[in-house]
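Reader: I am new to protein models. Could you walk me through this one, step by step?

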Amino acid sequence: MTSYTPEQTAFIHHDSGNALCIAGAGTGKTTTLVGLIEQKLAHIPAGEMLVLMFNRDIRTDFQQKLQDSGLGQAVPVHTFHSFCLRLLNQSGFMAQTGYRVDYQSGESDKSLVKQVLRAIAGTEKNYQRQQMIKDPKTIELLLSFIGLVKAYMLPPREVFQLAEISRDYLFILDGFEQFETLRKQQKVLFFDDWLVESVKLLENNEAIRSHYHQHCKLVVVDEFQDINTAQYRLLKQLLGPQTQLLAVGDVDQCIYKWRGSAPQFMLNFEQDFAPAKTYTLSRTFRFGHSLALSASHLIANNKQRFHDFLTVSDRGIDDTRFEVLGTSRQVGEIAQAIQKDLAAGSDPSQQAILVRRWSQTLLFELAFLSKQVPYHMPVPSVLASSREVKLLIELMSLATGRYDQLPESNKGQLLFNLMSFPHCYVPNKTLRPLCDQLAGMDSGQWLTFIRRYEKANSSLKLENLIERLDLLVRLQRKGSFQALEVFNQYRNESGLDNWIWKTEATATEIEEAVERLDSVATVLETMDQPCEKALQYFEYYTQQSVNHDREAGARGVQLTTIFRAKGCEYDRVYLPFWDKDAFPYMNKSSGSIGADIEEERRLAYVAMTRAKQQATVYFTEPEKTAANAGKATNASTFVLEAKAGVATEVGPLLYQEGELPYHASPIVAEYYKRLGREADVRAPCKEPPKQEAPCKETPEQAVSTLDAAASEDLASGLAIAAGQHPDYSYGWALRQPLPDNATKVLQAMIRSKTAKYLDGEISRLCRELKSAPPTKQQVLVNRLIVATHARSRVRR
């Protein structure tokens, strides 16, 4: 028999109307959903239920949990897309329209996108633009854009602006229209179309809509924070007058803006699906008090959230250490820490490195391969597939003379690659044969040959090609030089970084490419070796990474992105590169925040709350020297917001009986309250020392039978009785009962006022009360009490 918490029990037994359950990280959401469905089956047949989940793996896992629970009836559990596919088939839509479903989405739609982009490139006269349009990255961009338009169900131009795509790629608007025209001509439905067509069908066909209203009495939605506009509209159409919607999610884990999700869908639930009630699952079984406090401090800075929701570690859960480390060698220190844990017998699959971008995994791959640490990535090796690493190997081959030993066809390919990254803007149909010709001659003849070729082909613009050949000839003489010098010379003189900024479609792609280049440079700087050694190193470990991809199982250290780790948990979590110029992600191309700052903070929150035993955040801190002494920290603002110092001081004490330190933080105050430990809190110091230290009582003070709070309240009462003003303060006001009829005013303040505003209002009222006449005093006191109680619940 499953034992449920009071919060879980309340949601499981929800009776009438719709309901939203806010479920914090690790609070037993899946167990609660199983209990909920078991309870509902006593009143609703399984065939009149519909459970919607976000992907096939989660659906399969949930179906197994339902089966293991011993339920006698098979409850329909679908992903949104599998449900829509069934709807389109059962409604007769497919037979009547002649459309067919393409189950190979990802290949067939990519083929159609290539056809569209070739047609657009054919109308472009500028060769540089032609190359950009046909670039593989542009294919991926258009595919993503098509999916986003269908998720938002908005006009393409509006989605283009929302996605912050460079205006150089405005042609993808035409690309979308041409793609849709071809798709409809071929009467095919790709994956994203299943949902859109289902929504349109339900919105326009009353008979089909009525059928679902009559036969679907309960809809349960998991991960509600991840829904997009299309899924929201689907739910609106499925809900009839007698249909109940029960949704579970955590708005603090809404991290899929790129696929159309937004916090508003969850925040507006009570209005959009009225009548509705909100429940909470706030007791986490995953992590302890220290991490819970730190994560709560971080996420409290977001405005788009439920401000009275706070995740608290459940009774019996051991503490989870939370550490912040500044170091000049993040990768090396993490690799050493993992090696130490593995040597002590730790399970490697319970160790995870979570990064913001895939490009940040490259250095870890090299470190793990060199130290023979087993690791697992859910995607192909970044090291093996990186064009930046390939560039380094080709440059080193040229500089060391390895190029001269290659077969002529391989020489031609190598030269073509170097002329294409960055591209020298000679049409490929001309460039490739030209590189083959150059491969057949001594490099000392290259410049003479190409200048003659230029005179004979005056219509071609070969300036960039000639400059690149000149650079390559000079680099051929540098085999004995340090590899970093050769790599940087090519990077600078070829204008590689500038070319990346001009040709990548999105700011994220720019950052990824530049970060991979920087990672290669970092390795070369650390090695401090000539070209031959660098070539051997990268050739060996690139091949090792290819072999690793073929042989790797899932039992190694998990090396993945925060996005991929959502829904997972690990004993130890390492969070590197929390630097102020890297996280939150900055769109340096426009000088503005590239991603929604609140979504970035939610991403950081998700990363922290994957840990069960320990979470460690790393940021870059240069070696201490006289030159940088006293300089501001390089840590991300998220590091500062997480208040690790407060969490590590308070967290361990919550596992002990006795006195707890006072903190002005509303998070700490509320956390104490949720645990029922308010009476254990030490009174605040009247004049706290400059350095944070606990208040110290003299023996004489300790003898007092009254604690400080009671003494203050008693003194205030005596002052009022004597016609004097008490010592008005935040602490005093918080201990006063709310005035009569103040509840609505309090709720309005909590909804509409920020912490900064309330802090200012409390200070103002305290000042005014010192000189206020008796006729005005009571009004100001009431305002102070309400404002203080509101401030204790507002963390934005």
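Author: Some short questions and answers follow. This is a predicted model: local features need pLDDT of at least 70, side-chain atom pairs count only at pLDDT 80 or more, and totals for chains, interfaces and linings use all residues. Residues are numbered from 1 along each chain as its sequence is written, and side-chain values use heavy atoms, with hydrogens and water left out.

Reader: Why do the buried residues of helix 26 line one face?

Author: Helices (H or I, at least four residues) and strands (E, at least two) are DSSP runs, numbered from the N terminus. In helix 26, residues 496-503, the buried ones are Leu-496, Trp-499, Ile-500 and Thr-503; buried means under 20% relative accessible area, exposed over 50%, partly exposed in between (1.4 Å probe, protein chains only). The arc is that of the directions from the helix axis to the C-beta atoms. Seen down the axis of helix 26, its buried residues line one face because they fall within an arc of 100°.

Reader: Which residues are exposed on the other side of helix 26?

Author: That side lies opposite the buried face. The exposed residues there are Asn-498 and Lys-502.

Reader: Is Asp-193 buried or exposed?

Author: Asp-193 sits in helix 11, residues 191-204. Its relative accessibility is 1%, so Asp-193 counts as buried.

Reader: What is the bridge partner of Tyr-375 in strand 14?

Author: Strand 13 and strand 14 (residues 557-561) run parallel, joined by 2 bridges. Two strands pair if DSSP finds at least two bridges between them. In strand 14, the partner of Tyr-375 is Val-557.
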